[in-house]
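Me: I would like to learn how to read the contacts within and between the chains of a model. Could you take me through them step by step?

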Amino acid sequence: MTADDNYNFGFLDEQTKRMLRRAILKAVAIPGYQVPFGSREMPLPYGWGTGGMQVTAAVIGADDVLKVIDQGADDTTNAVSIRRFFTRMTGVATTEKTRQATLIQTRHRVPETPLQAGQILVYQVPIPEPLRWLEPRETETRIMHALSEYGVMHVKLYEDIARHGHISTAYDYPVLVNGRYLMRCSPIPKFDTPKLHMNPALQLFGAGREKRIYALPPHTDVKPLDFADHPFEIEHWPEPCALCGATDSFLDEVILDDKGDRMFVCSDTDYCGERREAGHRGRMSPPENLEAAE
Amino acid sequence: MRMIDVQALHKTFTLHLRGGAVLPVLRNMDLAVQAGECVVLQGPSGAGKSTLLRAVYGNYRPQSGRVLLRHDGGMVDIVTANPRQVIDIRRRSLGYVTQFLRVIPRVPTLDIVAEPLLARGAALPRARERAAELLERLRIPRKLWDLPPATFSGGEQQRINIARGFCAEFPILLLDEPTASLDQDNRRIVIGLIDEARKRGSAIVAIVHDAETRTAIATRLAPMPALEAAA
Amino acid sequence: MSALEMPLLNVEGINKSFGRQQACREVSLELWPGEVLGIVGESGSGKSTLLKILAGRLPADSGFIHYRSTEEGIVELLGANEAQRRRLMRREWGFVQQHARDGLRMGFSAGANIGEPMMALGQRDYGHLRNIAKDWLRAVEIPEERLDDAPRTFSGGMQQRLQIARNLVTHPRIVLMDEPTGGLDVSVQARLLDLLRRLVHEHNVAVILVTHDLGVARLLADRLMVMRRGQVVEAGLTDQLLDDPQHAYTQLLVSSVLGV
C-alpha cells in the first residue's frame with residue numbers, strides 16, 4: 001500500500017520528528033531517565049497509544065517492517081487501527097511475525113519470541129513516573145530521581161507482602177535501570193519484566209499525555225525491586241497452553257462455559273501460531289488429520 | 001574541707017509585671033560550709049533563706065557574687081557555670097530536697113526514688129536496692145512502690161521526695177523544710193537520715209522551723225537578718 | 001575535646017523575613033548530644049519558622065548551621081548541596097510533626113510507616129523489617145496486632161506515638177519536634193510526654209522541642225530558649241528560666257500559666 005500523499009511521511013512534520021528524535025537520543029544516552037518532550041495531538045485520544053505512536057512516527061523509515069500488538073494480539077481494535085494508521089501515513093510493510101518486524105509498537109506485552117539486535121520495541125506508556133503514587137509533586141519526584149531516593153518504593157512491595165503474603169504487584173513492576181534510575185515498565189505483566197534485562201533490541205517508551213520519553217538501549221541492566229527474603233518471581237500457570245502446549249509463555253485464561261470449564265492459551269498470538277505450525281500440540285488442539293485436511 | 005563557699009551574694013527580683021518593682025532579697029551574703037557540717041539557716045520569714053538555697057542550687061540567678069561548690073575535686077562557681085555544667089554538678093555533687101514532690105506521670109515510686117542514683121551512674125539493681133531501703137525506712141508501704149505517686153497522700157509524697165533526695169548520697173545537700181508537716185515518728189526518721197549523711201561527710205545547709213529538728217541536726221546556726229524592702 | 005564535649009549543632013545568626021515581617025532575627029543556638037532544648041514562645045514568635053529552617057524545609061536569608069555528623073564531619077547545612085543535606089537528614093535526623101497525619105503515610109500500614117525510614121536506608125529484608133516494626137510498636141505502647149492496620153484507624157495519641165516510632169527507628173542523633181503534644185487531650189498528652197521522656201533518654205537522642213506549653217517544656221527540656229517576635233529574649237536552664245525569669249516577656253509567659 002502506498003502512503004497518503006496528503007500527509008507528511010509518518011504523519012508528523014519533520015521539525016516535530018526532529019524534536020522527538022532529540023528526546024529519544026537523550027533518553028538512550030541516560031537509560032531509564034524520563035525526557036520531557038512536546039507531545040502533539042494525534043488523531044487518537046490519549047490513552048490509546050499516542051505516546052508510542054509519536055515515538056514510532058519519529059523513528060520509522062520507509063524500509064521498516066512494522067508490527068503492532070495489543071495485549072499480545074495483532075488483531076485487536078487498537079492494534080489494527082494503529083497499524084492501519086502507519087500504513088496509510090508511511091506505506092511501510094507490516095507483519096504479524098515478531099522475527100520479521102524491524103519496529104514493533106506494543107501495549108501490555110513483550111513478544112515471547114526473543115528480540116534481535118537491530119529491532120526496536122516501542123512501548124505505549126500511560127503513567128511514566130514510578131514515584132507518582134507516593135509523591136504527587138513533579139518537582140519532588142524529580143529531586144528524588146536526581147538523588148536516587150528510591151527506598152520508599154519498597155514500601156509498596158512491603159504492603160503487598162503484609163496484605164497478601166507475597167508481592168502481588170503483577171503489572172508495571174518497578175525496576176531499577178542500569179543501577180541508577182527507577183523506571184516503570186508500562187503495564188506489561190511482571191512475566192515480561194525479565195525480558196527487558198540485557199535485551200539486544202532497542203526499547204523505547206512513550207507517554208503522550210504525560211509528555212515523557214524514556215529508553216533502554218540494547219543490553220541494559222534492568223533489575224526488578226524486591227526483598228532479600230521475598231525475591232522477584234514471575235507468574236506460573238497450572239497447565240500449558242491448550243493450543244500449542246507452550247509452558248514458557250504468558251497465558252490468558254479463557255472461560256469456556258458457565259460450568260466453569262476453562263482453558264489457558266498463549267496471549268502472544270504470533271508465538272502460539274508459530275509453534276502450532278511447527279507441529280506443537282496442546283490439550284484442545286484438533287486431531288492432526290483434521291487440521292491437515294483443512 | 002570546704003564544700004560550699006558563698007561570697008558576697010546579691011539577689012534582687014525585678015517584677016516587670018509590677019511596673020519594674022525591685023525586691024532585694026540577698027545582700028552581700030557570705031556562707032561557707034565544710035564537709036561534715038550541717039548549717040541551719042535562721043531568720044524571719046522573708047529573710048531570703050529559700051532564695052539562698054535556690055541560688056546555691058543554681059535555680060535562682062543572683063545579680064552578683066559567687067557560689068563556689070566542690071565538684072570533681074575543685075571549686076566551681078555555679079553562678080557562672082553554663083547550663084550543662086550546672087546539670088553535671090546537680091547530677092553528681094548537689095542534692096536539693098523540698099517538701100514538694102514533682103510528680104512525673106506514670107513513673108513508679110521506686111524508680112522516682114532510684115533515679116538520682118541511676119543518674120550518678122549506679123547500676124539499676126543497686127539503685128533500686130538503695131531506693132527500696134529508703135522507702136522501707138520511711139515507712140512507705142511496699143504495695144505502693146510500683147505505683148506512680150500522683151494519687152498518694154501529701155505525707156506519703158513528701159516522704160518519697162525525701163527518699164529521692166537522700167538516695168544518691170550527694171556530697172552537698174540542701175534541705176528546704178524537709179520535715180514540715182511530718183508526724184513525730186517520721187520526723188525522727190528524717191533526722192536520722194540527715195545525721196547519717198553528715199557523718200558520711202556531706203555538707204548540709206537546711207531550713208527547718210521546728211526547734212526539735214533544728215537542735216537535733218544543726219552543727220552550726222547561720223543567722224540571716226531581714227532586709228528592708230527598698231522598692 | 002572529645003566528641004561528647006562538642007555540640008552536635010551550632011546555629012549562628014539565622015535571619016528570615018517574609019516580606020516586611022521578620023520571623024527570625026539573629027537567632028543562634030547550640031545543641032549538645034543527648035540534651036533536650038525547648039524553644040518556647042507564642043504563636044508568631046518565629047519558633048516554628050526556626051524549626052523549619054533547621055530541618056531544611058525553609059531557606060534562611062542568612063546565617064550558618066554547622067552540624068557535626070557521624071560520617072561526614074562538620075557540615076554547614078545551609079550551604080550544603082541538596083543531596084548531602086537530604087542524606088544527612090535521612091540518616092541522622094528525625095522530625096516529629098504536630099499533626100501526625102503530616103508525618104505519617106495515613107493510607108499505609110503502621111508497619112510500613114515504621115519500616116519506611118529503614119527501607120530508605122537500604123534495608124531489604126522483609127522479615128527483619130517486620131520484627132523491628134513490632135519491637136517499636138511495643139516500645140510506643142501500640143498493640144502488636146495493629147502492625148498491619150493503617151494509622152487512620154488509630155486514635156490521635158496512637159498516631160502520634162507511631163510517628164515517634166517512625167522517627168526513632170533509624171536511631172537519629174537529632175530529632176526536631178514541633179508541638180508534639182499539641183492536638184491531644186490532656187490525659188493522652190501525659191502518656192505521650194512520659195514516653196517521649198523515656199525514649200529520649202534511652203536512645204540518647206538530642207531534641208529540639210518547639211512548644212508553647214511551658215508544662216511540656218518543664219517536663220522534657222533540659223534547657224529553654226524563649227522567643228518573641230523572631231528574637232531570642234532569654235535562654236538558660238529550664239528550671240532557672242521558669243522559676244526565676246529575668247526578661248519581662250518570660251515573666252509574662254510564666255505568670256500566665258498555673259503551676260508550671
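Reply: What follows goes from the domains of one chain to its cysteines and then to the contacts between chains. Please keep in mind throughout that this is a predicted model.

Me: Let us begin inside a chain, then: which domains does the assignment give for chain A, and how many Å separate their centres?

Reply: A domain assignment divides a chain into stretches that can be treated as separate parts. In chain A the assignment gives domain 1, covering 14-224, and domain 2, covering 251-293, and the centres of these two domains, taken over C-alpha atoms, are separated by 29 Å. Their contact draws 13 residues from domain 1 of chain A and seven residues from domain 2 of chain A.

Me: How much area do domain 1 and domain 2 of chain A bury between them, and what percentage of it is on carbon and sulfur atoms?

Reply: The buried area can be read together with the kind of atom that supplies it. Between domain 1 and domain 2 of chain A about 800 Å² is buried, with 31% of that area on carbon and sulfur atoms.

Me: Which kinds of polar and charged pairing should I then look for between the two domains?

Reply: One can look at salt bridges first and at polar contacts afterwards. Three salt bridges are counted between domain 1 of chain A and domain 2 of chain A, and in chain A the side chains of A:Arg99 and A:Glu274 form a salt bridge with an N to O distance of 3.0 Å. Across this domain interface there are also five residue pairs in polar contact, both residues being at pLDDT 80 or more. On the side of domain 1 of chain A that touches domain 2 of chain A, the residues divide into seven charged, four polar and two nonpolar.

Me: Turning to the cysteines, how many disulfides does the rule count over all chains, and why is A:Cys241 in none?

Reply: The reading rests on the distance between sulfur atoms, for which the cut-off is 2.5 Å. The count over all chains is zero disulfides. For A:Cys241 the nearest cysteine sulfur is that of A:Cys244, at 3.7 Å, and A:Cys241 is therefore in no disulfide under the 2.5 Å cut-off. As for accessibility, A:Cys241 is buried, having a relative accessible area of 1%, and C:Cys24 is likewise buried, at 0%.

Me: Now for the chains themselves: how many residues do chain C and chain B each bring to their contact?

Reply: For an interface one may take the residue counts, then the area, then the pairs. Chain C brings 29 residues and chain B brings 23 residues, and the area buried between these chains is about 2100 Å², to which carbon and sulfur atoms give 49%. C:Leu237, C:Gln240 and C:Asp244 supply 25% of the area that chain C buries against chain B, more than any other three residues. Seven salt bridges are found across this interface, and the side chains of C:Asp194 and B:Arg106 meet in a salt bridge at 3.0 Å, N to O.

Me: What does that same way of reading give for chain A and chain C?

Reply: Here 21 residues of chain A are in contact with 20 residues of chain C, and about 1800 Å² is buried between the two chains, 61% of it given by carbon and sulfur atoms. On the side of chain A, the residues that lose the most area to chain C are A:Val155, A:Tyr158 and A:Glu159, which together account for 30% of what that side buries. Three salt bridges are found across the interface of chain A and chain C, and C:Arg86 forms a salt bridge with A:Glu149, with the closest N and O atoms 2.8 Å apart.

Notes
Residues are numbered from 1 along each chain as its sequence is written. Chains are lettered from A and ligands numbered from 1 in the order in which they are written. This is a predicted model: local features need pLDDT of at least 70, side-chain atom pairs count only at pLDDT 80 or more; totals for chains, interfaces and linings use all residues. Side-chain values use heavy atoms; hydrogens and water are left out. Domain bounds come from an automatic or database domain assignment. Contact means heavy atoms within 4.5 Å. Buried area is the accessible area (1.4 Å probe) that two parts lose on being put together, summed over both. A salt bridge is a side-chain nitrogen of Lys or Arg within 4 Å of a carboxyl oxygen of Asp or Glu. A polar contact is a pair of N or O atoms within 3.5 Å; within protein, one must be able to donate a hydrogen and the other to accept it, and residues adjacent in sequence count only if both atoms are side-chain atoms. Ala, Val, Leu, Ile, Met, Phe, Trp, Tyr, Cys and Pro count as nonpolar, Asp, Glu, Lys and Arg as charged, and the others, Gly among them, as polar. Buried means under 20% relative accessible area, exposed over 50%, partly exposed in between (1.4 Å probe, protein chains only).
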